[in-house]
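Thank you all for coming; I would like to walk you through one model this morning, moving from the sheets of one chain to the helices of the other and then to the place where they meet. Please have the sequence and the structure open while I talk.

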Amino acid sequence: MALITTKKLSKAFSIGGRDQHVLKNLDLEINEGDFTVIMGPSGAGKSTLMYALSGMDKPTGGSISFLGSEISTLSNDALARFRRKNCGFVFQQMFLLDNMSILDNILAAGFLVSSDRGTIIARAKQLLESVGLTEQEWNKFPTQISGGEAQRSSIVRALINKPAVVFADEPTGALNSTAGGAALDTLTKVNNDGQSVICVTHDLRTARRGNRVLYISDGTIGGECNLGPYVSGDRDRHKKLAAFLDDMGW
Amino acid sequence: MKRTFLLAGANIRKAKGQMIILTVLFLIAATLMNIGFALLFNFGNYFDEMAKELHTSDTLVIISQNLWNEETEGFLRDNSTEFEKHSVVLLNGEIPWGENMITSFFMLSDINEARNFSQWKLVSDSQPLAVDGAYIPFGLYIHGHELGNDFVINTTGYGSIHFTINGHTESILSDGVNTPANLFIPTERFEEFYHRFPEYRNYLIFANGVDNIRGLLFGLDELSGFASGFSTESVISGISLEDMSMFRTMMANMTAMIMVVFTLIIALVSLFVVRFRIKNSLEEDITRIGSLKAIGYTSKEIIRSVILQYGTVIFFASMLAIVPTIFLLPLIGNVLASQSGIFWRPGITPEFYVITTVILVLIVWLGTKISARGIKKITPVAALRGESATGKKAKRNRILLSKTKLPLIPALAGKSVFHGFRQSLMIFFIMLAVSFTGMISLVIFYNSTIDLTAFEVIPGGERANSGIIFRPDEDLSALRSEIIAMPEVRDAQFHDFAQTIIDGEFSFISVMDDFDRRVTRNIHRGEFPRADNEVALSGLAANRFDVDIGDEVTVGTDESPFVVTGIFSGMAEDAMVTIYGMLRAQPEFRQSGLNIYLHPGTDSAVFTENLGQQFAAESFMVVNIDAEFEEGAGIFASILSLVGIVILCVAIFVILLILYLVIGATIIRRHRELGIQKAIGFTTGNLMRQISLAFSIPVVLGTIIGVLLGIFYASPLLNIAMRPMGVLAANLLVNNAWMVVAGGIITVLAIGLSLLVTWRIRKISAYKLVTE
């Protein structure tokens, strides 16, 4: 079933009085349950596309249908309410709130949606445990934990409201290899549990986790590659992705 | 150095809005400080210089010519180094005074009589003296007697005397403030009055080298057989230059003190704000500081640029403040002129502008130096990584969301309060200090404008509605009975002022038959005197004589002691004794004044006029005490009312400016955090409520405590300020409802402003946060 559908989606920025078209009449369909990876060269419009799909930014043209509802015409506050219910975000810089403990960062997002505090607290603790964060870490401030721990915390924050989709923007960009691997394992695990994930990345290792890779170039979809469900150590998957990216001129 | 200037300029341009607010804040502080200094040092100096310029003697004495003889002249010669004697005609009568008619004394002088001491001069516009013309004191001009107007004195018993006002004079001792107003008229007219009113001929004496004015007056009175009284036929009165100076500059000094204290509060608050602003900008600009350090700027250069940035703003604000100072000072001078009678021309006072600028720049330099020292400690790499320049300590995680029962937004607001505890504390103290100041000014305003009850008691004078002074040898008892029988009259009590000697010191004494029927209950401790050997003393007199309740003092010529029964509050007299005590102390004393208390609703002006007509033959003068109070206390009240309302408005304006500055800076500083919250689904409204609530907590707490301090301590504090004037219990009214409403208004305005400022959160974009 289609999670997100765009029709003639376009986005232009005015730079020095001149319009620069980043997304050009883009038609796209993203399915529920997919781990969709968006790749492409710098400045191709990957992040612009992802933030338009997530309601973080408004397109300048076209439409975006999210689970059948049009979101491109919503006001900023309506978009905020839409995001809190339907979207989870994992950023490269984590963007946890420094003045709150890890647990409070997660609960602040959770309490925004649900008034059933007991359930949210229990879910937050269960998710934190599932990503390998012990109770000792829960009450620490973001500046007191490692980058990997912070990123896993931000994944838990993204998941707390059981969103329709998790958007991840370069989730391993600021992490070392081990921490990056752990974060990806977490995303893969939640995807395997049925969670839709849309991820923007430059990193091949991250891209391999997706079952569908979209290559965006010059504001349009240049091509796509279906890799199927992720299986750890699958060398053919790696080759297939590498060949696809070669074709795309990456 | 050029690099430092460039950097400072860039800093100012970057934070234009904040710098403008700081400029306005310091503009207010500098203006108030300029005015305060000018009043405190220039007004008094102006008075002293004018006294010198006019060769003012150190004492003025007015004595009826029929009490003057060789003995009194010898006594005066023995008790002074030099003196000069001028003939004057001393009249009493009614003149228009604002909207009322008041009874006062006037001295007519010959314009052509030369004076070596205590000269006078014409101020502002004047005309040559016409045949019916008069030069009148400037103080009268303030109360509506303008150049070219007809000046009419309705004398008691001799009809109206008309003059044309040809000019206004300025002098020190005979300006109508505390002494009769001196009118200068042509020689021919003076001689006409001099011959027409032989009983009103008096000597106006200017003396130097008098050690004790009280002793001198008592000595003269004693020589005249204690024949002096209220009548212009038997006057012995006087004042020293020192007392006159204190009285005429008192209001200016009081206003100046209030302004300087208030300015210091604003300066202190501004220092907090500057410190906050610097800390904030260091956090915002930490990567920029890193870049500057990386390309070779030294910590000293960066700190110097911050000092220069704020120093420039303060310097600019102080320079700008010269304009409103020059504009406002003459207006304030005019307001004060109604009490001081001084035509003060403050002009330009560069010395005070420099002092103000130096004080404010020093305060800011100190604040900047302390706040910017974090820059020294941080390395370029750490700064580029965005690590704090001010150093962050690990904080406790307060209001755990997993435990709290609070709704999410208030809980997050509470977290912000604890997380930025120092900032919250700063806002709390700013609100407390400024709202407490506001409450003090409200108490001043309320008591000087809305309910003058306390003002009626503060001077200590008996607050009757009307008064009559009978001529000597009348049957006072019968006259009192006749007056008491009038339908408008509620009560009538003899009340006289006399000069006597207490414990060897000349004193002003209040004499009544029955002090228990006094309306002004200004006894502070103990009781009013009842028996003929009892006396109550003013707080100042008790201190001077070093006595307290139960101690004994000698009064007048009686050698047997009087027991001190009470200490009273007030400035009007030194002591109170009953008529029986007074007759013991000074057997020659005769009552003459009768205070009349009217039934509520009676028009005292009409009553007093009728009283004057009915008892024209028996009375020497009638006084509309209600009007005297309204006009006399009204001068003080209107000045204080103005001071009160100005300070209250400035306090509220300062609160709003500071909040605008602090909230604006906070939104900029927390713009990353707000962006994150927007990204995860917080709406602009959620965030506005969160920030406003976080500010409201210290704002409301600070205001509540400021209001409570105002309710409980504003009056006692003002009481302490008035003690040196002899007011032991000012008992200024504190209307709790007014205080609470004012606190409510401050809070509502503060919260309203915080919502208005937080409205700019809508411009913070979650998308920009992740893409920048």
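Let me begin with the open sheet in chain A that is built from 4 strands in the order 2-1-4-5, with antiparallel pairing. Its edges are strand 2 (18–31) and strand 5 (69–70) of chain A, each of which pairs on one side only. Strands and helices here are DSSP runs numbered from the N terminus, with strands being E of at least two residues and helices H or I of at least four, and two strands pair if DSSP finds at least two bridges between them.

Before going on, I should say that this is a predicted model, in which local features need pLDDT of at least 70 and side-chain atom pairs count only at pLDDT 80 or more, while totals for chains, interfaces and linings use all residues. Residues are numbered from 1 along each chain as its sequence is written, and chains are lettered from A and ligands numbered from 1 in the order in which they are written.

Within that sheet, strand 1 (residues 2–15) and strand 2 of chain A pair in the antiparallel sense over 10 bridges, and Ile4(A) has Ile30(A) in strand 2 as its bridge partner. The hairpin of these two strands has 2 residues between them, and Gly16(A) takes a positive phi near 60 degrees there. Strand 4 (residues 61–66) and strand 5 of chain A are also antiparallel, over 2 bridges, with Phe66(A) bridged to Ser69(A).

Chain A also has an open sheet of 6 strands, in the order 6-7-8-3-9-10 and with mixed pairing. Strand 6 (87–90) and strand 10 (220–226) of chain A each have a single partner strand, so one side of each is left without a neighbour in the sheet. On average, and with direction ignored, neighbouring strands of this sheet are turned by 20 degrees against each other. Strand 7 (residues 165–169) and strand 8 (residues 196–200) of chain A pair in the parallel sense over 5 bridges, and Val197(A) in strand 8 is the bridge partner of Val166(A).

Turning to chain B, we find 25 helices and 20 strands, and the C-alpha atoms fill a box of roughly 100 × 55 × 45 Å along the principal axes. The axes of helix 7 (residues 241–284) and helix 10 (residues 322–340) of chain B come within 8 Å and cross at roughly 140 degrees; axes are lines fitted to C-alpha atoms, for helices over the stretch in contact, and angles run from 0 to 180 degrees between N-to-C directions. That crossing makes helix 7 of chain B oblique to helix 10 of chain B, where angles under 35 degrees count as roughly parallel, over 145 as roughly antiparallel, 65 to 115 as roughly perpendicular and the rest as oblique. Among the helix 7 residues that meet helix 10 of chain B are Arg248(B) and Met251(B), and the residues they face in helix 10 include Leu336(B).

Which residues, finally, does the contact between the chains take? There are 23 residues from chain B and 27 residues from chain A, two residues being in contact if their C-beta atoms, placed from the backbone, lie within 7 Å. Helix 14 (408–419), helix 22 (671–679), helix 23 (684–722) and helix 25 (766–771) of chain B each give two or more residues to the side that touches chain A, and the largest share, 5 residues, comes from helix 14 of chain B.
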